[in-house]
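Let's take a walk through this one together, helix packing to begin with and then the pockets. Have the model open and follow along.

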Amino acid sequence: DERAPQLSVFGSDLGVFSRAYYAHALWLLGDAEAAAAQAEDAIALARRLGHVYSETLALAFAALTYQLRRDVSKVFSCATAVRALSERYGFAYYLDWAGVLLGWVRGREGRPEDGVRLIETALEHLESQRAQVRRPYFLALLAETLVTAGRLGRAASILDAAIEMAISRREVWWLPEILRLRADLEPQAARERLLRRAWEMAREQGSRSLEAQISAALMTHTGRPPSGGSGTG
């Protein structure tokens, strides 16, 4: 776009923000490839505009999009770029956003204790900034990394806190996945109940990707799909 940035009240270009944000919706709706393309379009637009803050935002949102896709290498590259820009220009919020995602990467790469420390530090900084948006999602990444580290009790308590927070704050877009993660830490009977609750919630929200993931988990644990369909429609 050969134009000047059209800034939102948050300081980023509106076109960049809308593309970056829409990528998450596309993933939830079940179109992972379109989500990745939208995230890359946001980055490209920000760079064409030469607007550093918008580029940082686009890369941060892209890192999250690639985490949804479980693409560790892309999460690492985007979050590392966010960290470099944030350290250079003083974008504290996105520095800690990147810290959470880089901590998750460390867990996936076999360094879960390092990852836990990085995520916990980033969450403490976000708390001090009173930055609470996406907190249940970030807590889920911490819990997942704690599980990798073998700290199952701590992971369960973190997920319980994330569930309560998501419900009380009505930030429920990631709640089905949080319930799925929590189910993995329960005995078989309780696990199935939680998974069915998670599946029903994802279906009600129209979150096709989460619905499919939870349906697959139910098939693994019970040998049968959820009632009412395969969970992939």
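How are helix 10 and helix 11 oriented to each other, roughly parallel or roughly antiparallel? Keep in mind as you look that this is a predicted model. Start with the axes of helix 10 (residues 188-205) and helix 11 (residues 208-222): they come within 9 Å and cross at roughly 155 degrees. Angles over 145 degrees count as roughly antiparallel, and therefore helix 10 and helix 11 are roughly antiparallel to each other. As for handedness, the crossing of helix 10 past helix 11 is left-handed.

Now zoom in on what touches what. On the helix 10 side you'll find Q188, R191, E192, L195, R196, A198, W199, A202 and R203, and they meet a set in helix 11 that includes L210, I214, A217 and L218. Polar and charged groups have a place here too, among them E211, S215, H221 and T222 from helix 11. Sorted by class, this contact between helix 10 and helix 11 has eight nonpolar, four polar and five charged residues.

Next, swing over to helix 3 (52-68) and helix 4 (residues 72-89). The axes of helix 3 and helix 4 come within 8 Å and cross at roughly 150 degrees, which means that helix 3 is roughly antiparallel to helix 4. Helix 3 passes helix 4 in a crossing that is left-handed. From helix 3, the residues in contact include V52, L59, A60, A63 and Y66, and among their counterparts in helix 4 are V75, C78, V82, L85 and Y89. The class count for helix 3 against helix 4 comes to 13 nonpolar, three polar and two charged residues.

That leaves the empty space. Which residues line the largest pocket? Look for Y21, H24, A25, L28, V133, R134, E171 and W173. The largest pocket has a volume of about 200 Å³, and its lining divides into five nonpolar, one polar and two charged residues.

The second largest pocket holds about 160 Å³ of space. Its lining is made up of F10, F17, Y53, L57, F61, Y93, Y94, W97 and R134. Helix 3, which you've just seen against helix 4, turns up again here: helix 3 and helix 5 (92-108) are the elements that give two or more residues to this lining. By class, the lining of the second largest pocket has eight nonpolar residues, no polar ones and one charged. Before you leave, click on R134, which appears in the linings of the largest pocket and the second largest pocket.

Definitions and conventions: Residues numbered from 1 in each chain as written. Predicted model: local features only at pLDDT ≥ 70, side-chain atom pairs only at ≥ 80, totals over all residues. Heavy atoms only, no water. 1 Å grid on protein atoms, 1.4 Å probe; cavity = no way out; pocket = protein on both sides within 12 Å on 5 of 7 lines; lining within 4 Å. Points joined across faces, edges and corners; volume = space filled by probe spheres on them. Nonpolar A, V, L, I, M, F, W, Y, C, P; charged D, E, K, R; others polar. Helix = DSSP H or I, 4+ residues; strand = E, 2+ residues; numbered from the N terminus. Axes fitted to C-alpha atoms, helices over the stretch in contact; angles between N-to-C directions. Parallel < 35°, antiparallel > 145°, perpendicular 65-115°, else oblique. Left-handed = near helix turned anticlockwise from the far one by under 90°. Contact = heavy atoms within 4.5 Å.
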